[in-house]
Amino acid sequence: MKFTLGIALSPLDQLTELARTAEECGFASIALPDSLFYSEHVSAAYPYTPDGSRFWNADTPWPDPMVAAGAMGAVTSVIRFYTQVLKLDPRNPLLLARQVGTVAALTGNRFGLGVGLGWSPEESHWCGQPFKDRGARADESIEILKRILGGGMVSFHGKHFSFEKLQMSPAPAEPVPFYVGGHSEPALRRAARIGDGWSSAMIGFDDLRSTIARLAELRAEHGRAHLPFEIQAVCIDRPGLDGFRQQAEIGVTDAIVVPWRRFDATLQEKRDALRRFADRFIEPLASAG
């Protein structure tokens, strides 16, 4: 099992030092959250809290994940970065392809694109995109991104997006992995059909196990069971060495963790927490093979 550091809600001036320390401690990746803005009122409930409320406020820092990946990539050499997850719905896929290709090049192919639909109608509407049909538009966006990032002249003519032949250079020297987020059946089907992995929000162990089993069924239906597939999990009720071993046994390949207890922890407290986590979990599990 690999470990990914979740940096959600961390101040921007901590990010490069956290990336350096995480790399030194043996973390495989850093998960980059995405939120475009904080609207005073929202017309939909946040899907990952019991009461539908947001657990952050208007002053909570949310860096652009592409810019953050570029900055952290510049001060590290082996640790990877992936969005967890980027909201496709408000974004134009051509502009996004330009950003992804640049980040992949600048980080030496250490970038993966985790994608989801987004839950806030305001983020879509105020960025000029309709909120309905976002699943179908996401499918087209992913196809466009894969074509452009594959290099060479490409064109696309779909229901929601259309363009003639174009090329963006440089294309990534290696394929950018796509991870699909979401817990709904359509999200799982999308991950099984076109993803290189699936990325969870906060989830309990029993639900995680059943979700992984369902993904295996869906991947077999699409003839993709033989291909590598990442399971990136934020499991909320299996801590400790035994908990991580249990997650690995059900198919988790990448545990996303936040080793500090308080979101307002200082940079030094977070660096100390990363080192303690590495001593307690990363090194023993690596030594056990």
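This passage looks at the nonpolar cores, one buried helix face and one helix pair of a predicted model.

A good place to begin is the interior. In soluble globular proteins, nonpolar side chains tend to be buried together. Here, the largest nonpolar core holds 71 residues, and the members touching the most others are Phe3, Phe27 and Leu113. Helix α9 is the element that gives the most to this core, contributing seven residues. Leaving aside residues up to four places away in sequence, Phe27 is in contact with Phe3, Thr4, Leu5, Ala22, Ile79, Val257, Pro259, Leu274, Phe277 and Ile282. Another core lies apart from the largest one; five residues make it up, including Ala31, Tyr82, Tyr179 and Ile256.

Helix α9, which spans residues 267-287, also meets helix α8, residues 240-249: their axes come within 10 Å and cross at roughly 40 degrees. This angle makes α8 oblique to α9, and the crossing is right-handed. On the α8 side, the contact is formed by Gly240, Leu241, Phe244 and Arg245, while α9 supplies Phe277, Arg280, Phe281, Pro284 and Leu285. By character, the residues of this contact comprise six nonpolar, one polar and two charged. Phe277 of α9 thus appears in the contact with α8 and also among the residues touched by Phe27.

Attention turns next to helix α6, residues 185-194, where the buried residues are Ala187, Leu188, Arg190, Ala191, Ala192 and Ile194. Their cover includes the helices α5 (134-149) and α7 (205-221), together with the strands β8 (178-181) and β9 (197-203).

Notes:
Residues are numbered from 1 along each chain as its sequence is written. This is a predicted model: local features need pLDDT of at least 70, side-chain atom pairs count only at pLDDT 80 or more; totals for chains, interfaces and linings use all residues. Side-chain values use heavy atoms; hydrogens and water are left out. Axes are lines fitted to C-alpha atoms, for helices over the stretch in contact, and angles run from 0 to 180 degrees between N-to-C directions. Helices (H or I, at least four residues) and strands (E, at least two) are DSSP runs, numbered from the N terminus. Angles under 35 degrees count as roughly parallel, over 145 as roughly antiparallel, 65 to 115 as roughly perpendicular and the rest as oblique. A crossing is left-handed if the near helix is turned anticlockwise from the far one by less than a right angle, and right-handed if clockwise. Contact means heavy atoms within 4.5 Å. Ala, Val, Leu, Ile, Met, Phe, Trp, Tyr, Cys and Pro count as nonpolar, Asp, Glu, Lys and Arg as charged, and the others, Gly among them, as polar. Buried means under 20% relative accessible area, exposed over 50%, partly exposed in between (1.4 Å probe, protein chains only). A nonpolar core is a set of buried Ala, Val, Leu, Ile, Met, Phe, Trp, Tyr and Cys residues joined through side-chain atoms within 4.5 Å.
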